[in-house]
Each structure stands twice: as C-alpha cells, then as structure tokens.
Amino acid sequence: MTLVLIIVVLLAAGILAAIAARWNAQAPRWISLAGIAIDILLAVHLFAGRSQHSQWFAEVNYDWVPAFGIHFHLAADGLSLLMLMLTFFLGIVSVLCSWTEIRENVGFFHLNVMWVLAGIASVFLAVDLFLFYFAWELMLVPMYFLIAIWGHERRVYAATKFFLFTQCSGLLMLLSILALYFMHHRATGIYTFEYSQLLGTPLSSLTELCIMLGFFVAFAVKLPMVPFHTWLPDAHTEAPTAGSVILAGLMLKTGGYGLLRFVVPLFPGAAHAFAPVAQSLAVIGIIYGAVMAFSQTDLKRIVAYTSVSHLGFVLFGIFSWNALALQGAVMTMICHGLSTGALFVLVGGLQERLHTRDIGRMGGIWTAAPRLSAATLFFSLASLGLPGLGDFVGEFLVLIGSYQVNVTLTVIASLGILASTFYALRMMQKAFFGPETHSFRIADLNPREGLMAGVMIAGLLWLGIFPRPVLKTFAPAMDTLQQYAGGLNR
Amino acid sequence: MNASNTLALLPLLLLASSCIVVMLAMAVKRSHALTAALTLIGLAGSFVSIFVAAQDAPRQVTSLLLIDSYALFYMGLIIASTAAVVVLSYSYLARRPVQREEIYLLLLLSTLGCVTLVASVHFVSFLLGLEILSVSLYAMVAYCKDAEQGVEAGIKYLILASASVAFLLMGAALIYADTGSMAFSGIARRAIGTASPILVLAGIALTVTGIGFKLGVVPFHLWTPDVYQGAPAPVTAFVATASKTAMVALLLRFLGPALHYRAVLVLFSLIAIASMCAGNFLAIRQNNVKRILAYSSIAHFGYILVAFQVGTTLAAESVAFYLVAYTVTLLVAFGIVAVLSTTEGDAGDLEDYRGLFWRRPLLAGIFTVALLSLAGIPATMGFLGKFYILAAGAASSAWLLMFFLVITSVAGLFYYLRIVMTLYASPTTDAIPTRRLSAASAVLLSGLAAVLIWFGVYSAPLLNLIHAVMSTMS
C-alpha cells in the first residue's frame, strides 16, 4: 500500500498546490515540500520494514484491464528504492531552487513538478510493462509544460523536440512490448504484461534482437546515447532550473534504469550479441560529450554535454554486465544526479543574478561571490571524477568492471575522465577566475541555496568516502538481475 | 410487421417519429428552446429503446436490416453523440443570425440515416440510409449561408457526395451481376467459391470508393478540410463523428466476408498508409484549427483501417473502441471551437487560441485533454484506442503498417503540440473577448473530458462491453 501512497501523495500535493495558489503565492511551494517530505518518510518506512526473504521490499498488485491481462503492479527492490530516494531528494532541490526564480503561475508550475515526480516514481516502481509504458509516457507531459511555459528563449523549439524524440522512441518500445506480449502468448498461452512472467520468454534470436532494439532505442534516447542525444542540450538549456535538475538528475536515470531492469534481463541473448555495439556507442558518447562540453560557451550547455559524457559510463557499465561494472553504473547514476543537479542549481542561480549564461561575459565571479564559486568548484571537481567524491567511485568501478570485458574500449573510456578535467577546469577558469572586468554586484549564496549546496556536498563526500551502505542496498537487486540474465558475458 | 419486429426497430421508429413531432412543433410555434428540447427527448427515447431492442437481439427485420448487438452498440454511440451535438448547437446557434430550428430536424434525419446504415445488411437499406444522411448533411453544412465558406463547403460536399454515390451504385450493380443478390451475405457465399471473382472485386473496389469518400480517406479526402472549415462547428462535429462512425460500422459489416481476398487487403493497406501519411503531414502546415482537425481525421481513419487488416474479433473490438474514443475526443474538440465562436464566425484561426489557458483555464484544460487524446498520450482514451489497434496489428504481425502508424503519429504529435503550445503561450492583448460558457456546454464538455480520462485510466467496463458485443458478431 505504501507504494500506491507514494504516488498518490505526489499527485495530490500537485493538485493541492495548484488550488492553493489562488489564495497564497507561497503556499504551493510549502505544499510541494510537505508532499515530498511525506514521501521520503514513506520510503524510509519501506526500507526499514523490508522483508529479507523476497526479491521485493514491498509490492502491490491489482487487476487493471483484465481483458488484456494488464495489472496495476508496483514493486520496489533496493535499486528502485535508491532511485526513489534520489527522486525525492532532487524533488526537494527543484522546489527550493525555483523559490525565487518562478514567479508566474506558481500553482501550475508546482502541479507540473509534482506530477513529473509522480511519473518518474511510477517508472521506478512499475513491474507491469503496460503500466511502465503508461508512466513512461505520462512523465513527459508535465515536463513538456515545464519547458514550454517557464523555459528560456527557445523554449518552444526545445520542448517540442524533447517531446517528439521521446514519443517516437516510446512508441517503438510500445511496439516491442506488444510483440513480446504476443510472443509470450504464442509460447505459453497466457496473455500477460507481468515483468516476472515475461522473463525467459523463448524467442528466436532475430525476434529477440528486434524486440530488444525497440526497448533499447527508447532507453537510449532518454539516457541519452549518441547519436540520439540531440534533444538533450536544447531541453536542458532552455528548461527552467527545476526542469534541468529533474531532466538531468532523474529523467536520464529512467533510461539507465530501464536498461538495467528490462533490456538485459528480458533479452539476455540479444543484449549479449548487441553489447559490443552498445559499448562502442557508449565510449563514443563519453568522448563526444566531453569534447562538445569543452567547446560550448553557454554554461548550461556545458553542463548538459557533461551529462552525455557521464551517462556514457552508465551505458558502458550496464553492457559490460558484471558485478563491478553494474555497481559502478548505478553509483554513477546516483552521483551524477547529485553533482549535475547541483551544477544546474548553481548555474541557474548565476543566471538569475547575471541574466546571462554566456561564459564569455563572465569572469572573476570568485571575488564577487566566493561561496557560490567555491560550491561550483566543488561540484565541477566531483563531476570530473576527483577521488574521494562519489562520481569517482562510480566511474572507477565501471572501468574496473569493463576492463575484464573489453580492454581497448576501457582504455578509450578512461580518456573520457581525462577530458572531463579539461572542460571542467575551462569552465571554472573562464567564468569564475580570471580578471574581474565587469565589476559584478551580485549576491552570494543565500541560506536557502547554501543549504542545498551543503547537503549535496555532504552527500557526494559520503558516497565518495563511504559508499558501502549504498552499494549494499542495491547489491541483492543486482544479483537478481544478473541471475535473470544468466551471466551475459561468460 | 409483428410486435417483436416493431420492438427491434423501436430506435429507428422513435427517431423517425420525433422528426415528425419536431416538424409539426415548428409549424405550430417557432421556439428554439422547445425544438431543441423535443429533439433531445426524441434522442433520449430512442437511446433508451436500444435497451428494449437488445432484449431479443439479434433479429433480422425483413431482409434489409439486422438488429444485432453490433448495430445497437453503434446506434447508441451515434445517438449519444448526436445529443451532444444538439447541446452544442443550442448555444452556438443562439448567437448566430440564422434560422435556428431547422437544424434539429436535419440532425434527427441524418441520425436516422446513420442508424439505418449500422443496421444494414443489404444494398437497398445501405443506399437508403446513405441518402437520408447525405441529403440532410448538404443542408447542414451550408446552414449558416451568410458565412464565408458555408455555401462553398455545402456545394463541394453535394457534388462530390453525389459522384461517390454513383460509384457506389455501379459497385452494387457489379456485385449483383456476379452474385445475384443485393444482400451482403451474397458476397460471403460467393467468396467461398472461386479464387478471385473479378466482378465482385471490381464491385468492392467501386463500393469502397463510395464509402471511402464518406470516411474522407486518401485519395477521397479532398473535400474534408474545406467542409470541416466551412460548416458550422457543431455540424462539423457531427460530420466527423456520427456520420463517419456509421460508415465504418457499415464497412466492417459489408467487408467482413471479403477481407480474405488478398487484393482487398492490399487495397486497404495502401489506403491506410496513404491516409496516415497525407493526413499527418499535410496538417503540419495548417493554421486553422478546424482544418488541422480535418487532416487529423484523415489520419485517424487511416489508423482505423490498419485494424481492418486483422479481420478477427480483435479488429472489430479495436475499431469499436477507437471509434468511441475518437467520437468523444472530437466532440470535445469541436465543442471548444463552438463555444469560442462569435457572432461573426467560428474560432478557427490558431491565433484565436493564443494564451487561452491564462484567460479561460477550464476550456484550455479540456481542449488539452482532447488534443492529448488525439495524439495518443496515456491516461486518455485516445491512447488506449491506439494501443488496441497496435495490439490488433501485433497479433497479426502487420509490422509494416504498424511502423507507418508509429512514424506518422509522431508527425501528428507535432501539430497537436503546436495547438497546445498556442493555448499556453503568453496571451496577446487584442485577443477576442470570450463570452461566458453556458451551463449546458460547460457540463457537457467537462463531462466528456472526464469520460476521456476516466476510460483512459480505467477502461475495463467499456472493454468488457465491447468484447461482449463484438464476440456475438462473427
């Protein structure tokens, strides 16, 4: 029941926020915060009361559309729970970071934020493929509104592009889901969208590959994998800060989650055959993202391209499919959520102050706003993989794991970490150091922003120095997934 | 005619008699409200009588009409959507400088035509129903004769429809020449015989031309945008929903036995692909909401034809569900156009909708739901409709068609999003002032939008009904 409650609370808080905005402009913000806080408590409760014996910490299962064998089936294991925690944490961050940025239509804004969080939470919880697709598509609509209404200059273009890319790939996934559904019926005589029943459906290798590709494309667009990434720089750049945080921190993770949960376990054979291609594309993405980030002048675009690079590690880790690489992939997903989320918050704060994102028009901000600059430096260092911080653990584990699978690609991928040093330091150098020629009069981090940055710094330090509790939380889930896939690379 | 036949025909009889009642009432006293009320009562009575007729369905009444649950299901859909059109027409006509009462008579007549069509199993009743429908539609399309494109649209519709009926008659003649029967079952008996009876196939092709015209599928679609734009918004809603629903229902019944001819299947695949592509890609460049919806309807009937390939009960079910979803969605969409219309004309131009959300959040919200449903986004009926059709396609491995469906519906998304974007854009200062919504329209539109979401999320009751209805058919 807790699982249903988690989603209902978010949806209800969104509606309440929209209604309350009629009376008080600040009310939607507090209602949203309260809604997410309740969800955090629910998630903690779920974690505390988890059963040690079953695969799922908790699950609910209702008939939904019996005519098609569709169930409203939610279930959480360690992996989904961590993703949920990340969702709620970044949810709070995105409400806080729009505290002064969003002044128009505050109620409708928070409705959209809450509903996109609800959609993302359902994606992480759904184990019925129809329900999964339902949530997958549903989280797009509020995100679309966030970009299209509260975005920056080219918001219409960016929002439409984002929607078209994800819809197109999503429909291909729907075709694949249906194909799998009928193939499963042909083999067993049962019509079902249940994840656990569809595992191990006997398929000819060509069919398996085709169906797998449908899923893969949907997740690769979300992840994003080169060459399906072109929506990302636009969407991230044009979205309001909260939108960028949710996009980078959470929505990209749904792609990684989908690959982990569905693609490889459902189609181990095809995934194995396809692994070299996916790995190569991942490594291309790592390098390409880094190079592109290096050559951008728009601060948000730089951060957006670093996402392409980092999520390349996730893809690389997943398709290396051994214990270490998988741990690394999940760690990277979590840490990237924190570090990139924080960077978007800071960049958004900077834009609010300077009304520009062009690093050519910055320089010497450190003297004007030392705390803001120091925080940005910290998160840039985290993002470039400084040992002792979370991102390093993730990417390092991916590389150790993938080394056992493909040495050449691993060597190239590790160059990506090197390249990230260049773009991160260039960004710091051009925007924050250098001569102070503009005589900026800008406010430094206020307590609200300081709190956000502080908590995220603490989180990244914790993940970097003592990641064991987190690794332990999702380890059983990963073991189960590996059992399903039956040792992809052995 | 014995008593049970009368009972079975009750929906048709009640419709026909309410035509007469409305006509006489108008002769006695011209009153807009009274006429509309009488029409609604007639429709309600006819709707209720469906349940009476369902008691001993299926029943063959003469060789012309078959009152089975299939026919009754579509009758219910058609009558309900006509009732919605009546409600929309009432507030729409109240502010147009035209004679107001006749449109209800025409609506009742054309509904009678539609209802006859869905029960037809014979060419005679088919043509009878089609002509009753078409002749009243000509007048309805040109109803606002002072409007710019009204008369043009009416004449265009008249000429093309007459030509298409000529095709249809020729087709019927060819089929009769081969099978010696005017009943649709004649084709079924013939189909068991020789491999490809050339006369029957030619007849089917010509008949499909006639039907295709009414459905507005490529290459018979040329009238669609002009008529959609020129006709008054409630009439457009009727053309788009009730009349097309009736034609699809008839087509499925007529073609059921012919669907295992390879040539017929190929023909329908081509029409489906052409409609999906043309409809979706041509809509992208339009700037008038009614024209956009016209092109989108071409595409949507392309989607429906995809399901025809399957030729199983699953196909009939998916078509039925899609039609329900499409009808509700379009009633909402054209309902919005109708309530935003002014004394001068319909709110067709995309610019009329700029920033609607910030002025009229309820209307814009309802319109958004309809557009998302047309685009096939989950939590709306439109999504489940598309899902149903894709499921039917997947069950019969029609991958090429499904691929086209996916690609073209992404193109379709583009222009739906364009309208959505306009609704939520910052409002211009010289936007036309919108009048207060009449209570009836507000209730109707919010109710229909609620139906879209309710059945989009919890569709089991509707699916079970459709499953029960369609499984009795074959």
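The exercises below, each with a worked solution, concern a predicted model with chains A and B.

**Exercise 1.** Determine how the axes of helix H13 and helix H17 of chain B cross, and which residues make the contact.

*Solution.* Begin with the two elements, H13(B) at residues 289-308 and H17(B) at residues 381-395, whose axes come within 8 Å and cross at roughly 35 degrees. The crossing of H13(B) with H17(B) is left-handed. Next, list the residues: H13(B) contributes Tyr303(B), Val306(B) and Ala307(B), while H17(B) contributes Lys386(B), Ile389(B), Ala392(B) and Gly393(B). Sorted by class, the residues of this contact are five nonpolar, one polar and one charged.

**Exercise 2.** Describe the side of chain B that touches chain A, by elements and by residue class.

*Solution.* Start from the count, in which 22 residues of chain B are in contact with 23 residues of chain A. Then assign elements: H17, helix H18 (399-424) and helix H20 (460-471) of chain B each give two or more residues to this side, and H18(B) gives the most, with nine residues. Finally, the classes on the side of chain B are 18 nonpolar, four polar and no charged residues.

**Exercise 3.** Decide whether Asn322(A) is buried, partly exposed or exposed, and place this residue in chain A.

*Solution.* First locate Asn322(A), which is found in the loop between helix H13 (299-320) and helix H14 (323-354) of chain A. Asn322(A) has 19 other C-beta atoms within 10 Å and is therefore partly exposed, because a buried residue needs 20 or more. As a last step, consider Ile400(A), 78 residues apart from Asn322(A) along the chain, with a separation of 10.0 Å between their C-alpha atoms.

Conventions: Residues are numbered from 1 along each chain as its sequence is written. Chains are lettered from A and ligands numbered from 1 in the order in which they are written. This is a predicted model: local features need pLDDT of at least 70, side-chain atom pairs count only at pLDDT 80 or more; totals for chains, interfaces and linings use all residues. Axes are lines fitted to C-alpha atoms, for helices over the stretch in contact, and angles run from 0 to 180 degrees between N-to-C directions. Helices (H or I, at least four residues) and strands (E, at least two) are DSSP runs, numbered from the N terminus. A crossing is left-handed if the near helix is turned anticlockwise from the far one by less than a right angle, and right-handed if clockwise. Two residues are in contact if their C-beta atoms, placed from the backbone, lie within 7 Å. Ala, Val, Leu, Ile, Met, Phe, Trp, Tyr, Cys and Pro count as nonpolar, Asp, Glu, Lys and Arg as charged, and the others, Gly among them, as polar. A residue is buried if 20 or more other C-beta atoms lie within 10 Å of its own, exposed if 12 or fewer, and partly exposed in between; C-beta atoms are placed from the backbone.
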